[in-house]
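The following exercises ask the reader to work through a protein model step by step. Please attempt each task before reading its solution.

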There are 2 protein chains.
Amino acid sequence: MRIIVTVLFALFLVSCSGGEDKTVATGVTEKQQLFKWKLVTTWPKNYPGLGTGPENFAKKVNAMSDGRLQIKVFGAGQMVPAFEVFDAVSQGTAEMGHGASYYWTGKAKAAAFFTSIPFGLNAQEMNGWLHYGGGLELWRELYADFNLVPFAAGNTGVQMAGWFNREINSMDDIKGLKMRIPGMGGDVITRAGGVSVTIAGGELYTAMQTGVIDALEWVSPYNDIALGFHQVAKYYYYPGWHEPGPTLELIVNKDALATLPKDLQAIVETAARAVNQDMLDEYTARNNEALVQLVDVHGVQLKKLPDEVIRELRKISGEMLEELSEDSELSRRIAESAKAFQKQATAYHSISEEAYYQARKEK
Amino acid sequence: MRIIVTVLFALFLVSCSGGEDKTVATGVTEKQQLFKWKLVTTWPKNYPGLGTGPENFAKKVNAMSDGRLQIKVFGAGQMVPAFEVFDAVSQGTAEMGHGASYYWTGKAKAAAFFTSIPFGLNAQEMNGWLHYGGGLELWRELYADFNLVPFAAGNTGVQMAGWFNREINSMDDIKGLKMRIPGMGGDVITRAGGVSVTIAGGELYTAMQTGVIDALEWVSPYNDIALGFHQVAKYYYYPGWHEPGPTLELIVNKDALATLPKDLQAIVETAARAVNQDMLDEYTARNNEALVQLVDVHGVQLKKLPDEVIRELRKISGEMLEELSEDSELSRRIAESAKAFQKQATAYHSISEEAYYQARKEK
């Protein structure tokens, strides 16, 4: 009862101040409703970067909504296994999910484009394409059949080519190479004569140590150093080519999203956008620090993939993308949109970001 | 009166549902207060990119707060002149401002570091430094004396070296060069024997056409094409070196910020973060398109600054930064923090983003 009196008094003050009655009334009636939502993820709970992203998202939403939209984050396997996140959110078992679209190519092949494709857009370009180049609209069109609304919600920046116990001097060294590399990158390695293997993160160290695999890619220095790959691998190769601008996704059940008042919908959208950048900021800072540790403290040998190998992998990637775009009319439109954006971005970034990196270095 | 009855009924429903009384009561009483704030900017109203950033920010805040924090955006000169934005917000004439910190080096020399310094961090690195490298804390320390809280709120990406009617083949061609280039970039040109000139944007076209100046830098293709510089200049030079990662700022009067309930404070912070990325996304997409227009339609000649010139400008920039860092104990800490971050970022980006740009191109 005390509550009602307090509120009445507050409302009395407002109604006396005049002129804003309508806004206040609408605001107050809508705001009574509390939403307690579940966010399932494809990452171990609180996994650095990838997993802290959705946690930060939930915190931001909670703070901005003053607790009206409370989001509980579940790590992979806590509520549903990692690879059931898409279905769980599609069916409304959870209202939200965080993961990567390229995990769902079994549902829709073109989903690969919205994480990262080999030799595709980097992080800055992915964000430009998604938000000002028509990419997000295409992504939403692709996910509409699944009752899902996707948002970009994190980026790692270009990932490393990976850890190798075999020196790569030519394409001959790719032949028979047993490498943990999932997604389209793995398909490219397979077509190049290697053997792409899928192994869970927690088992990679041992697989590399015992020679079950010759090579692996994980993420980049920040995540890689934590798993200790430098203790069991001879070389750390660059540049990454298979995942140049990996975008993480927030997916929201479409019906659930529609039940939110407009202000909470805006809060979800803006928090996703903020986290989309925040994760890249974190990786940018932490990768720098981790690389120093790897090289200066652990004596890791950095090696560059030879031009010939890069050229051949790029050629195979191009063929596979062409095949992928033949999957459906929508896949074709997505592929063409991304390709057109990349053509322009490559031209501009050649004389801007790339040229600047070169200008900055001591020569 | 009808309003109070409606609210009472809604509250009755809530109080019957039980368990969440405290949250609801707190929420409702705080939410009665409406805030109508002024945001003054250093840009012409709705100037593409730079000026649409604060408009987007205001829209996001309005939507997320359900109209409880209404922000009116003023273009330069509408309420206060561009270069009085800092003082106006510091004194509370307006609650918020949007501009660039390097306009305020007359107040605090080290403010230059938080926009962009010659041969410094690019956009991705600025965001990493600010949000995960201690940069934002230093910025807030610097602005605390002025009763201001700064937020990163936009980025153009690396800017072009500019438009020239004189070919630059060696440092001799910089001697006597009359160039519109403000800030530290201008100081570097002056020390190199040129003449840096400050001219307002609207007068640059004529100044270039009539030979009052030999060269100018503005922003990048998206903004440059709109001002028609390609009609009055022979060459478009790259790479930009003077403003590699220009961060725009949102400044908020500290006392005003403290009057906001915590949820509105969180909304301001997150909206700024989202706009910080959104502007870069817009520039990334629009610069690409504008460059195609400039080169393919208008036949603009792109030219690269010679290595010798880049090397010399970099040397002078280093000397000037060293001098700047001697300004105060805080300037020294800021300079050292940025320098340490850049050393690591350069090492990592050499094998990641930069190496990837190179790997992607047909060779």
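**Exercise 1.** Determine which residues of H12(A) are buried in this predicted model, and on which side of the helix they lie.

*Solution.* Step 1: apply the burial criterion, under which a residue is buried if 20 or more other C-beta atoms lie within 10 Å of its own. In H12(A), the residues that are buried are A:Val309, A:Ile310, A:Leu313, A:Ser317, A:Leu321 and A:Leu324.

Step 2: consider their directions around the axis. Because they cover an arc of only 100°, these residues lie on the same side of H12(A).

Step 3: inspect the face turned away from the buried side. That face of H12(A) carries the exposed residues A:Asp307, A:Glu319, A:Glu322 and A:Glu323.

Step 4: identify the packing partners. The buried residues of H12(A) pack against helices H7 (183–191) and H13 (329–351) of chain A, together with helix H14 (353–360) of chain B.

**Exercise 2.** Check whether the end-to-end distance of helix H12 of chain A agrees with its number of residues.

*Solution.* Step 1: the helix comprises residues 307–324 of chain A, which is 18 residues. Step 2: at 1.5 Å a residue, the expected span is 26 Å. Step 3: the end C-alpha atoms are 25 Å apart, and this agrees with the expectation.

**Exercise 3.** Establish the strand order of the five-stranded open sheet in chain A, and name its edge strands.

*Solution.* Step 1: the order is S2-S1-S3-S10-S4 (chain A), with mixed pairing. Step 2: strand S2 (69–74) and strand S4 (148–155) of chain A each pair on one side only, and these are the edge strands. Step 3: from one strand to the next, the twist averages 25°.

Step 4: examine one pair. Strand S1 (residues 35–41) of chain A pairs with S2(A) in the parallel sense, over six bridges. A:Phe35 stands opposite A:Leu69 in S2(A).

**Exercise 4.** Describe how helices H3 and H11 of chain A are placed relative to the strands.

*Solution.* Step 1: helix H3 (residues 52–64) of chain A lies across S1, S2, S3 (96–99), S4 and S10 (247–253) of chain A, and it runs at about 165° to S2(A). Step 2: helix H11 (residues 262–297) of chain A packs on the sheet and touches S2, S4 and S10 of chain A. The direction of H11 makes about 30° with that of S4(A).

**Exercise 5.** How many helices and strands does chain A have, and what percentage of its residues are buried?

*Solution.* Step 1: chain A has 14 helices and 11 strands. Step 2: of the 363 residues in chain A, 55% are buried.

Definitions and conventions. Residues numbered from 1 in each chain as written. Chains lettered and ligands numbered in written order. Predicted model: local features only at pLDDT ≥ 70, side-chain atom pairs only at ≥ 80, totals over all residues. Helix = DSSP H or I, 4+ residues; strand = E, 2+ residues; numbered from the N terminus. Expected span 1.5 Å × (residues − 1). Buried ≥ 20, exposed ≤ 12 C-beta atoms within 10 Å, placed from the backbone. Arc of directions from axis to C-beta. Contact = placed C-beta atoms within 7 Å. Pairing = 2+ DSSP bridges. Axes fitted to C-alpha atoms, helices over the stretch in contact; angles between N-to-C directions.
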